[in-house]
Each structure stands twice: as C-alpha cells, then as structure tokens.
Amino acid sequence: MAKLDNVLYGHLWRPFASLMVIVLLLPLFVKSSYILTVLILIGIYSLISIGLSLLLGYAGQISLGHAAFFGIGAYVSGVLTAKYAGSPWIAMVIGIVFTWLVSYVIGMAILRLKGHFLALATMAINIIFFILILGLDEFTGGASGLVGIPSLSLFQLNLGNPLYFYFFVWFIVFVIILFSMNIIRSNIGRLLRSIHDSEIATETLGVNVAKYKVIIFSLSAVYASLAGSLYAHFISFIAPPSFYITFSILLLVMVMVGGVHSIWGAVLGTAIIMFLNEWIRYIGQTYFHISGQVEIVVYGLIIILVMMFMPKGLVDILERLWKKIKSVQIKGAEKRKMTTEKGA
Amino acid sequence: MANLLEVKQLTKKFGGITAVDRIDFSLEEGEVVAVIGPNGAGKTTLFNMISCFIPPTSGEVIYKGERLTGRKIFELAHLGISRTFQNLQIFNNMTVLENVMMGVHVKLKTNVFSAGFRLPTVKKNEEIAYQLALDVLEMVELKDFMYKKAGNLSYGLQKQLEFARAIVYHPQLILLDEPMAGLNDAETNRMAGYIKELKKKGCSFLFVEHKMATVMELADRIIVMDFGKKIAEGTPHEIARNEKVISAYLGEEAF
C-alpha cells in the first residue's frame with residue numbers, strides 16, 4: 001500500500017528533483033544579470049501559472065483576470081511598504097488575506113457562469129481592477145506608477161541581491177509546487193478533475209461543486225497575489241499596464257503552451273514564453289526596427305497554433321516521446337533476450 | 001418494514017402542461033420498485049424531482065421521515081441516496097479506478113488544506129477509497145480494466161462503471177434511470193444480477209426502465225404512469241393482468 005500514490009499518479013520526486021537540480025545549477029552558468037532577472041521573473045510568473053493550471057487544467061474553469069490578483073498582491077505590498085513604511089512580510093500576508101477575501105466573494109458570484117461567459121466576467125474583473133488602480137492615484141500613484149518599493153530582507157540577508165532573491169523565489173516556487181502536487185495527488189485532485197469532466201455527476205456523488213470551484217479559484221488567486229508581492233519588491237516600481245488583461249492572456253498562453261493538465265507544464269510553459277518574449281523583443285528591435293507590443297501578435301499566433309497542433313501542450317508531447325523511447329528500449333531488450341534463448 | 005421513501009402528491013407543471021400529476025407512492029426498505037410508462041409519461045420528470053434536480057410545483061418527497069424536497073443535489077449522497085443517469089455521466093478522462101474512487105467522496109474527510117500539507121488523514125482516506133473501490137470493481141468484474149481510461153471502455157462497461165460508482169459508498173437507496181438502456185442481453189442479465197445481489201444486502205432501488213422482461217424479473221412492485229398520472233400500481237403479476245395498463249401502454253403484442 002505504500003506505493004498507492006505512485007500507482008495512481010506516477011512518481012512525484014523524479015521531476016521535482018530534476019527541476020531542483022536545474023534551478024540550483026543554473027546560476028553557475030548564468031553570468032549576465034539580465035538573464036538572472038529573466039530567471040527570477042520565470043519563478044515569479046510560475047507561481048501564477050501553477051495556480052492557473054489547478055484552476056484551468058484540473059477544475060476546468062477559465063480565468064482571464066488573474067493579472068488583477070497579481071496586481072492586488074503587488075499594490076498591497078507596494079503601497080504598505082513604500083507609502084506607509086510597513087513591514088514587507090506583514091504586507092505580503094495582508095495582501096494574501098485580502099486577495100483571498102476578494103477572490104472568494106468574486107468567485108461566489110461569477111463561478112456559476114460557464115465557458116465564454118466566465119471568461120468575459122473574469123476579464124471584466126481585470127478591467128475594473130485596472131481602472132481602480134488608475135483612479136485611486138492618491139494611494140497607487142495612478143498612471144505614473146508607484147516608486148520606491150524596498151527590496152526584501154530575511155534575517156540580515158539582503159534579498160536585494162539578485163542571486164539571493166533568485167534562490168528565495170525558487171524556494172517558494174518549490175513549496176507551492178509541493179503544496180499543489182499534494183492537492184492533486186489526493187481525492188481533492190480527483191474531485192477537481194471530475195468537475196472538469198461532469199459537474200452534474202460530481203454533484204450527485206456528494207460534492208459541493210460550487211464550494212470547491214470557489215476554493216480553487218481563491219487558491220489560484222492567492223498564488224497570484226504572492227507572486228505580485230514578490231514582483232513588487234523585486235522590480236521596486238509598479239505601474240498599471242503590468243496588470244492589464246494582456247498580462248492575463250499571456251499567463252494563459254504560458255499555461256497552454258506547457259500543457260494545462262500538468263503543474264510541470266505550467267512551469268515549462270512559463271520559461272519558454274519568457275525566453276521567447278525576450279527573443280522576440282531582441283529580433284524585432286535589431287532586425288525589423290520595431291518596438292512596443294510586437295509580442296502580443298506572436299502570442300495570438302501561438303495560441304492558435306497550440307490549440308490546433310498540441311492542445312495538450314508540450315508536456316504531453318514530451319511524455320509521449322518518453323514512452324516511445326521506453327517501449328523501443330523494452331522491445332529491444334526482449335528481442336535480445338529471444339535471440340539469446342534461441343542461441344542457447 | 002418502515003417506509004424509506006414516500007412521495008406525496010408530487011406535481012410538476014411546465015407552463016400549461018402538467019408533466020407529473022399528483023403522484024403518490026412509497027418504497028419500503030429493501031424493496032425494488034420500478035416506474036414504467038410510455039415515452040413522455042413523466043417518468044424522468046418524476047425521477048428528477050425525487051433526486052432534487054428540479055423542484056416540484058407542489059407536493060413533497062420524504063426520506064426516512066425527513067423532507068427531501070428543496071435540498072441541494074450534493075446533500076443526497078450524504079443521506080445515503082445515489083443515482084445514475086439515462087445518458088451516462090462518467091468521468092471520461094479519468095481511469096476506471098479513479099471514477100469509482102470518486103464515489104467514495106462522501107466517506108472522506110480530506111479538505112484542500114489537509115491535502116496540501118499532506119496530513120496523515122489524507123493517506124488514510126486514500127487507502128479507504130482504494131479498498132472500497134477494489135471491492136466494488138471486483139463485484140462488477142471491472143478489475144481488469146481499472147487502469148484504463150473510462151472514456152475508452154465500451155458502452156456496456158461504462159454503464160457498469162457508472163453503476164459501480166453509484167454503489168461504492170454503500171448507499172441505502174439507489175435511483176437508476178434506465179439502467180438497461182443500450183445493453184445487450186448478456187449485459188442486461190449481468191446488471192440484473194448485481195441489482196439482485198445488492199438487494200440481498202439490504203439496498204433499496206427505484207428505477208425507470210423500458211425493458212419489460214427486466215422489470216418483471218427485478219421489481220417487487222411496479223408503478224405505471226401515463227400522461228403524468230399514476231394509472232396502476234402492484235406486483236409484476238398484477239400489472240401484467242391490469243387491463244388499464246395493457247390498453248394504455250403495453251399493447252396486446254407485449255404479452
């Protein structure tokens with residue numbers, strides 16, 4: 001019985017350990033602070049995409065508004081520390097609790113909607129948030145943004161140092177991955193997937209579907225809020241455009257490219273899109289002399305291509321490839337065995 | 001024996017049409033009751049009112065002395081009532097084992113946080129679910145398919161799976177909406193066998209069905225509906241001889 005988990009869900013520690021090794025070793029090869037910044041942002045955005053993977057890939061509920069929850073975390077942290085000189089850690093917790101409350105209330109109202117309607121409603125939430133931070137310029141600095149957000153420090157350790165912050169962010173990512181994986185690898189994870197397949201059947205089995213939808217929506221919002229706080233302290237300057245719908249869409253692209261049905265897919269997708277993003281910007285500027293939002297055109301194209309050719313994302317393709325390699329190996333071994341037996 | 005389920009004057013009107021008209025009946029503990037009637041007689045509407053999918057216009061359903069009408073759908077499982085669907089509702093993208101393990105939800109106490117922090121109760125719950133699921137899979141002969149995706153099974157096996165998922169947590173009352181629809185003779189016999197086996201263990205059944213041979217074989221009592229009204233009630237023997245039933249529904253050639 002000890003291996004019941006593995007029987008049901010496959011191994012957890014292999015991919016976990018592999019990612020950990022990569023994260024630990026990367027700084028040895030990365031010398032430029034620019035790449036390190038990208039790696040930190042990948043960690044921060046991964047937190048959001050992991051939450052979205054739980055929400056979209058497991059529970060089957062879409063959100064085009066997670067940039068708003070990201071923004072709530074960032075602004076609560078930013079305003080409380082830059083304007084009121086509060087403790088960043090307490091501000092972070094306040095941000096999380098506040099996001100939980102807001103997303104719970106919003107979730108109760110809008111998660112009755114399905115499909116396109118839910119997408120539109122979450123988009124509306126994002127727009128409302130955007131207009132609020134523009135309008136509340138007394139606190140948020142409005143369109144000109146909020147400056148002077150201090151960097152974090154942990155027991156004398158200055159996390160303003162990008163390398164320390166890199167390890168700190170990825171430590172949190174691993175904690176969140178473990179927490180999310182534990183949920184997935186329990187009857188709660190099963191329940192989320194069953195909501196995706198048939199809400200009505202899940203309900204007849206005694207599950208309060210509405211409650212679980214809201215809980216998972218709030219949980220993913222809290223992940224986004226945590227990411228927002230980290231982002232604010234890392235960049236030290238926040239402005240409304242970072243929290244607009246375009247970012248929500250970008251988050252969805254990340255999750256979809258990696259594969260919505262997998263936490264690892266979310267992290268992989270985030271990494272790919274982030275590097276692609278930088279690459280597009282570079283190519284656009286150097287060869288075509290265009291700047292501004294070229295990326296958004298490419299994202300649109302990526303969404304279409306992903307939906308057409310790999311609706312289950314990259315992780316699925318990798319898994320199938322891995323299985324193929326394995327089956328070829330097994331077949332090869334069997335053949336060798338047979339020939340040796342014949343020989344004997 | 002005590003009444004497990006009582007249906008009192010249950011009525012449903014859709015606009016000007018009365019789909020179900022003042023239906024009364026009761027179901028005793030350990031009894032198997034079938035509801036039959038021609039298409040459009042209101043069987044499914046009656047069924048959906050009993051399982052709280054739609055609210056009645058008037059009347060009520062009493063289960064173990066408590067009012068069932070007005071409850072949320074998910075509450076029923078906690079009271080020991082489970083149901084299956086006419087148009088199969090299984091979780092296509094999950095394995096057979098996981099499908100059945102979902103049926104155990106009522107017995108588990110895991111929540112999002114105990115799961116996230118992997119408290120010891122979670123593992124215990126998983127083992128309970130796994131063990132119960134294995135027992136049922138053995139009973140309905142699906143154990144060989146337990147790691148297969150439910151969506152890839154044949155229709156007959158999917159029907160068996162849905163049945164297994166409904167009974168895995170040992171409910172007292174099982175509502176079956178056309179359990180034999182689309183099954184061939186061998187599969188029908190198998191399904192009838194499972195129902196008989198569970199009846200011996202004390203489960204009660206209420207089911208809607210079109211296959212007369214099965215109804216006659218399984219049911220202790222039959223309720224016949226036509227145009228929303230109950231036109232007859234009795235043992236299979238009585239129903240087969242009831243002239244009202246024969247003229248209204250079964251037609252001469254059925255017997």
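## Arg165 of chain B

Arg165(B) sits in helix 6 of chain B, which covers residues 155-167. The model is predicted. Is Arg165(B) buried or exposed? Its relative accessibility is 2%, so Arg165(B) counts as buried; the cut-off for that label is under 20%.

Both chains supply contacts. Leaving aside neighbours within four places in sequence, Arg165(B) is in contact with Ala201(A) and Leu205(A) from chain A. From chain B, the contacts are Gln89(B), Ile90(B), Phe91(B), Asn99(B), Val100(B) and Gly103(B). Val104(B) is 61 residues away from Arg165(B) along the chain, yet their C-alpha atoms are separated by 8.1 Å.

## Two enclosed cavities

How many cavities of 30 Å³ or more does a search of the whole structure find? The search finds 2. The largest holds about 70 Å³ of space. Thr204(A) is part of its lining, together with Ser51(B), Phe53(B), Ile73(B), Leu76(B), Ala77(B), Ile81(B), Ser82(B), Arg83(B) and Leu175(B). Helix 2 (73-79) and strand 6 (81-83) of chain B each give at least two of these residues. By class, the lining has 6 nonpolar, 3 polar and 1 charged residues.

The second largest cavity holds about 40 Å³. Its lining is Thr84(B), Phe85(B), Lys159(B), Glu162(B), Phe163(B), Leu176(B), Asp177(B), Glu178(B), Pro179(B) and Met191(B). Two elements of chain B give two or more residues to it: helix 6 and strand 7 (173-177). Helix 6 of chain B, the helix that holds Arg165(B), gives the most, with 3 residues. Here the classes are 5 nonpolar, 1 polar and 4 charged.

## Helix 1 of chain B

Helix 1 of chain B runs over residues 43-50. Of its 8 residues, 7 are buried, so the helix is largely enclosed by the rest of the structure. The buried residues are Lys43(B), Thr45(B), Leu46(B), Phe47(B), Asn48(B), Met49(B) and Ile50(B). Just after this helix, Cys52(B) takes a positive phi of about 65°.

## The largest pocket

The largest pocket holds about 2400 Å³ of space. It is lined by 49 residues, and those closest to its centre are His261(A), Ser262(A), Trp264(A), Val315(A) and Glu319(A). Several helices of chain A give two or more residues to the lining, among them helix 1 (4-9), helix 2 (13-29), helix 3 (33-58) and helix 8 (162-184). Helix 9 (187-197), helix 13 (263-287) and helix 15 (313-343) of chain A also do so.

Which helix of chain A gives the most to this lining? Helix 15 does, with 9 residues. By class, the lining divides into 28 nonpolar, 9 polar and 12 charged residues.

## The second largest pocket

About 580 Å³ of space lies in the second largest pocket. Its lining has 19 residues; Phe247(A), Leu250(A), Asn277(A), Arg281(A) and Glu295(A) lie nearest the centre. Helix 3, helix 11 (209-235), helix 12 (245-258), helix 13 and helix 14 (295-309) of chain A each give two or more residues.

Helix 13 of chain A supplies the largest share, 4 residues. The lining divides into 11 nonpolar, 5 polar and 3 charged residues.

## Helix 2 of chain A and the nonpolar cores

Helix 2 of chain A has 17 residues. At 1.5 Å a residue it should span 24 Å, and its end C-alpha atoms are 25 Å apart, which agrees. Phe16(A), Leu19(A), Val23(A) and Pro27(A) are buried in this helix. Helix 8 and helix 13 of chain A are included in what covers them.

The largest nonpolar core has 110 residues. Ile44(A), Tyr45(A), Phe70(A) and Ile177(A) touch the most other members. Helix 3 of chain A gives the most to this core, with 16 residues. Not counting residues up to four places away in sequence, Ile177(A) touches Phe16(A) and Leu19(A) of helix 2. Ile177(A) also touches Ile50(A), Ile263(A), Trp264(A) and Val267(A). Trp264(A) appears again among the residues closest to the centre of the largest pocket. A second, separate core has 54 residues, including Leu108(B), Val168(B), Leu183(B) and Phe205(B).

Notes: Residues numbered from 1 in each chain as written. Chains lettered and ligands numbered in written order. Predicted model: local features only at pLDDT ≥ 70, side-chain atom pairs only at ≥ 80, totals over all residues. Heavy atoms only, no water. 1 Å grid on protein atoms, 1.4 Å probe; cavity = no way out; pocket = protein on both sides within 12 Å on 5 of 7 lines; lining within 4 Å. Points joined across faces, edges and corners; volume = space filled by probe spheres on them. Nonpolar A, V, L, I, M, F, W, Y, C, P; charged D, E, K, R; others polar. Expected span 1.5 Å × (residues − 1). Buried < 20%, exposed > 50% of the residue type's maximum accessible area, 1.4 Å probe, protein only. Contact = heavy atoms within 4.5 Å. Core = buried A, V, L, I, M, F, W, Y, C linked by side-chain atoms within 4.5 Å.
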